[in-house]
Amino acid sequence: MPTRAVAVGVLAGFSLLTLLVFRPTLSEVAHTAPAFHGLVADALLLMWATSHVSRALFVDPLHLFEAGIYYPAHHALAFGDHMIGQALVGLPVWLATRNPVLEYNVLALASYALGATAMFLYVREAIGGVAPALTAGLVYAFTPFRFHSPLWLQVLFTPFMPLALLFWVRFLRTLAVTDWALWVLCWVAHGLMGMYLALYFGLTMTILALLALVAAPGRSTRRLRLGVLLAPLATLGLLAPTLWPYLVLRLTQGHVREVGLDTPLSFFLPGPGTLSGRLAGLEGFAQFGPGLVVGALGVLGLVAGGVRARVEGSHRRFLWQAHTLGLVTTLCLILVPMRFQLAIPGLDMLRNTDRAFFVSLLFIAVFVGEGVAWLTARPRTPRLRAAVALALLVVLVVDMGTPPRERKRLPLGREIPPAYGWLGELPADQVVYEQLNGPEALALSMYFGIFHRRRLVDGYSGFTSPGAAYLTQQLFHFPEADALRLLDRIGVGHVLSHFPTPEAAEAAVTRLPPSLAVEAHFGTDVVFAVRGPIPRAAVTDVVAPLPRGDWKLTASSGSETLPALRDGDRRTAWRAKTVHGDPPPWVVVDLGALHAITGVRCVPLRADAPGVYLADVDLSPDAAAWTPTGARFLPDSLATLLDDPADLAYYEARFPTRAARYVRLRNPALAFWGGPWEIAELDVLEGGEGPR
């Protein structure tokens with residue numbers, strides 16, 4: 001184990017390299033976020049989560065996951081990565097400055113120096129030598145895939161992975177309780193950094209622990225067997241409070257992925273800025289592998305490490321086996337198609353297989369260290385060995401790639417729009433709906449929520465529950481009557497609306513319904529107070545589905561599945577595929593004769609059915625002249641949609657009775673957003689007696 005002075009010196013050296021690579025200015029670190037083509041939503045989400053945890057640890061730690069978005073949803077922090085680990089590490093910055101931008105950027109920069117230093121410590125222990133350890137640290141932390149992931153702090157902050165390996169190896173050798181405890185603590189610390197790498201590293205670490213039971217030199221020792229078996233259980237037990245909300249949401253809200261992104265082999269080609277990639281003409285789109293020098297040294301290290309393992313005995317042989325198995329495991333996680341991984345509980349909550357490469361870098365770096373150890377052992381004199389080591393370090397630095405420079409300035413202090421300062425003066429129990437849509441706008445709203453600290457109805461995250469998605473889309477129609485009724489039902493007292501010009505804002509406040517009042521007006525921003533719902537238009541109490549046997553169905557697409565709309569089986573569905581920018585999709589029901597129509601009922605395949613509740617209903621007597629009903633689709637029970645969406649029965653649009661032969665569902669909103677439109681069963685409702 002290197003002395004503390006050596007570790008501090010290495011950390012200082014890698015910190016200096018971080019500053020040279022990124023060249024951050026104080027203003028940049030304190031006021032800007034990393035961006036990709038102007039987009040910063042993911043960084044803002046993680047910034048919000050880190051800040052929420054930093055504050056909640058002191059205010060209400062027992063309700064840490066009851067975050068202030070997607071009201072009235074529970075466990076909202078678990079809609080994405082909880083960022084508890086990052087918040088704990090960044091707590092000194094948060095307490096000293098209360099600047100979420102600074103905290104995020106300091107953590108991102110620190111991830112390079114700390115990750116490289118941790119890798120140095122592990123390779124110094126596992127392989128030996130300063131040069132192999134330095135090159136391994138460089139390869140692990142300073143690499144194209146990490147450079148080009150600045151918006152995703154949950155996968156950047158990875159120093160606890162090599163430290164977990166370090167104390168695992170030490171425990172296998174010493175069987176000391178202290179090393180076992182440090183192994184588990186580092187494993188837990190890494191598990192607090194984010195779900196992606198917690199799952200990927202947890203799976204890999206467990207496989208390596210099981211390998212120790214059959215291949216470690218002291219595998220017959222009772223303490224080794226007991227320690228190896230207890231470590232995953234202890235880690236799981238310590239992480240259980242942070243995993244429980246995800247399990248609850250998985251069971252109650254269906255938080256699993258149905259599709260994901262596979263990783264093409266071209267991903268492993270040299271990434272942006274690598275000198276070897278440019279010289280070899282291998283530069284291309286979506287390539288994030290290390291330079292060819294790393295590849296060559298890694299292959300050399302794999303071979304040389306195997307030879308060394310056979311010569312130096314059982315411990316060295318076991319380490320080589322563990323590193324090889326770790327690399328194979330992580331490459332399988334990257335390359336096995338998502339359709340297979342989504343069948344595995346846990347992995348079905350992940351979307352991108354390429355993120356397992358952050359764990360692969362552990363073992364790639366180890367084999368690069370092995371290769372450097374072999375090369376630096378060839379010269380006969382210390383001076384030549386030092387020269388070879390220095391040359392290899394220089395080549396690796398030159399070939400490590402370059403990080404993107406795009407940043408976006410974020411408002412702080414007096415730059416924050418005054419409307420958010422006004423919200424911060426509201427009582428702490430008030431809930432605010434901010435009339436926004438789209439990832440960037442919603443994420444920026446969450447960023448401002450860091451400062452005003454009031455609960456928000458909408459939000460942006462990795463997962464969105466069916467009820468939260470419904471509220472986001474339907475409330476965006478504010479101040480329509482249905483949106484006002486929905487706000488009243490969920491107990492929202494204030495709405496912040498943004499208008500394109502001050503004139504538009506002035507015009508809006510002059511024609512308010514009685515249930516709204518202006519609370520504050522700041523140029524283009526207006527805060528409304530919700531005073532109650534608008535009475536619903538009279539519709540008939542008694543309705544009955546019309547017989548469907550004589551219907552004639554036509555649609556813009558999916559004609560082959562139209563019979564599913566009336567087959568009585570809610571497991572089958574009509575499906576229309578829509579791509580952003582296409583003409584609005586539609587489906588038309590010819591009833592065969594005029595009927596007194598008062599509603600349309602759609603049974604969805606699943607509660608999360610924006611294609612259903614975003615649709616418009618039009619009526620016509622002749623299929624030539626269409627009359628919009630203006631009705632919105634509502635769930636049969638809002639409480640069921642919010643709390644137990646799997647039990648939702650249907651969505652229904654009701655309107656005053658009108659005579660029509662043709663009913664058309666049209667979906668211009670889906671044409672904008674893209675995605676599937678699925679309806680399992682469709683009923684047209686005929687009116688009876690009496691108003692409701």
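**Strands, turns and odd backbone spots: a quick tour**

Okay, let's start at Asp 618, whose bridge partner in E13 is Pro 628. Before I go on, this is a predicted model, where local features need pLDDT of at least 70 and side-chain atom pairs count only at pLDDT 80 or more, while totals for chains, interfaces and linings use all residues. Residues are numbered from 1 along each chain as its sequence is written, and side-chain values use heavy atoms, with hydrogens and water left out.

Some vocabulary, quickly. Helices (H or I, at least four residues) and strands (E, at least two) are DSSP runs, numbered from the N terminus. Two strands pair if DSSP finds at least two bridges between them.

Back to Asp 618. On E15, its bridge partner is Arg 664. So what sits around strand E12? E12 and E15 are antiparallel and share 5 bridges. E12 is also joined to strand E13 (residues 627–628), again antiparallel, by 2 bridges. E12 and E13 make a hairpin with 6 residues between them, and in that turn Ala 623 has a positive phi of about 65°.

How many residues of strand E12 are buried? For residues 616–620, the count is 4 of 5. Buried here means under 20% relative accessible area, exposed means over 50%, and partly exposed is in between, with a 1.4 Å probe and protein chains only.

Staying with E15, which covers residues 651–666, have a look at Arg 654, which is in that strand. Arg 654 has a relative accessible area of 13%, so it counts as buried. Its side chain makes a polar contact of 3.2 Å with the side chain of Glu 652. By polar contact I mean a pair of N or O atoms within 3.5 Å; within protein, one must be able to donate a hydrogen and the other to accept it, and residues adjacent in sequence count only if both atoms are side-chain atoms.

Now the other sheet I wanted to show. It's an open one with 5 strands, in the order E4-E3-E5-E7-E6, and the pairing is mixed. The edges are strand E4 (455–456) and strand E6 (516–522), each pairing on one side only. Further in, strand E5 (residues 494–498) and strand E7 (residues 525–530) run antiparallel, joined by 5 bridges. One pair to click on: Ser 497 has Val 526 as its bridge partner in E7.

Cysteines next. The whole structure has 0 disulfides, a disulfide being a pair of cysteine sulfur atoms within 2.5 Å. Buried or exposed, what is Cys 602? It's buried, at 0% relative accessible area. Cys 332, at 42% relative accessibility, is partly exposed.

Last bit: backbone oddities. Most residues other than glycine have a negative phi, and most peptide bonds are trans. Here are some spots that go the other way. Tyr 71 and Pro 72 are joined by a cis peptide bond, omega about 5°, and Pro 72 is in the loop between helix H3 (41–59) and helix H4 (84–89). Phe 478 to Pro 479 is cis too, with omega near 5°; Pro 479 is in the loop between helix H22 (466–475) and helix H23 (481–490).

For positive phi, try Arg 23, not a glycine, at about 45°. Arg 23 sits in the loop between helix H1 (4–22) and helix H2 (26–31), and is exposed at 54% relative accessible area. Leu 175 has a phi of about 60°, in the loop between helix H10 (160–174) and helix H11 (177–191). At 17% relative accessibility, Leu 175 is buried.

Okay, that's my tour.
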